[in-house]
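Here is a short walk through one model. Keep the sequence and the 3D view open side by side.

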Amino acid sequence: MTADMNAWGKVVREAVAGLADEAVQRRSWFGLGPEVSSPDEAFNQFFGDAAIEEFLKLPENGLNQQQHDACAALVEMMETLSKYTPQSISPDTLIDDPRWVAIRAQAAQVSRLLSLEQRP
């Protein structure tokens with residue numbers, strides 16, 4: 001992997017970890033801690049900053065098939081939720097939504113799988 005792919009992979013891992021972390025979401029989405037974020041920011045980090053869809057298309061992304069498939073499933077879940085929710089969704093509406101709970105669980109699985117990859 002090139003240095004750029006390593007950096008990109010790190011951004012992907014961080015975005016996925018953010019999707020998996022309910023405690024941070026509760027603190028940052030509701031102003032209960034030092035972090036400041038929102039559901040919109042979670043989507044932007046995943047699809048924009050991490051550019052996950054483009055990352056998954058690259059053969060040099062360093063993912064094995066299991067990691068790729070788990071990431072692709074997470075992308076599909078996020079896209080489906082995005083289609084059926086307002087463009088800007090409130091934290092109150094999303095935090096305990098069963099679809100978001102399922103996304104957090106899938107993100108946790110992806111995060112575990114991505115932590116298995118070799119990093120310099």
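For a pair of helices, each axis is a line fitted to C-alpha atoms over the stretch in contact, and the angle runs from 0 to 180 degrees between N-to-C directions. The model itself is predicted.

Start with helix H3 (residues 39–49) and helix H5 (residues 65–83). They pack at an angle of about 130°, and their axes lie 12 Å apart. Angles between 115 and 145 degrees count as oblique, so H3 is oblique to H5. The crossing of H3 past H5 is left-handed. Now look at the side of H3 that supplies Phe43, Phe46 and Phe47. These residues meet Leu74, Val75, Met78, Glu79, Leu81 and Ser82 in H5.

Leu74 also leads to another helix. Gln106 is in contact with Leu74, and also with Ala70, Ala73 and Met77, leaving aside its neighbours within four places in sequence. Gln106 is found in helix H7 (residues 98–114). Is Gln106 buried or exposed? The cut-off for buried is under 20% relative accessible area. Gln106 has 14% relative accessibility, so it counts as buried.

Turn next to helix H2 (residues 22–29). At its start, a side-chain oxygen of Asp21 reaches to within 3.2 Å of the backbone nitrogen of Ala23. Within H2, Gln25, Ser28 and Trp29 are buried. Those three cover an arc of only 90° around the axis, so they sit on the same side of H2. Just after H2 comes Gly31, with a positive phi of about 70°.

Methods
Residues are numbered from 1 along each chain as its sequence is written. This is a predicted model: local features need pLDDT of at least 70, side-chain atom pairs count only at pLDDT 80 or more; totals for chains, interfaces and linings use all residues. Side-chain values use heavy atoms; hydrogens and water are left out. Helices (H or I, at least four residues) and strands (E, at least two) are DSSP runs, numbered from the N terminus. Buried means under 20% relative accessible area, exposed over 50%, partly exposed in between (1.4 Å probe, protein chains only). Contact means heavy atoms within 4.5 Å. The arc is that of the directions from the helix axis to the C-beta atoms. A polar contact is a pair of N or O atoms within 3.5 Å; within protein, one must be able to donate a hydrogen and the other to accept it, and residues adjacent in sequence count only if both atoms are side-chain atoms. Angles under 35 degrees count as roughly parallel, over 145 as roughly antiparallel, 65 to 115 as roughly perpendicular and the rest as oblique. A crossing is left-handed if the near helix is turned anticlockwise from the far one by less than a right angle, and right-handed if clockwise.
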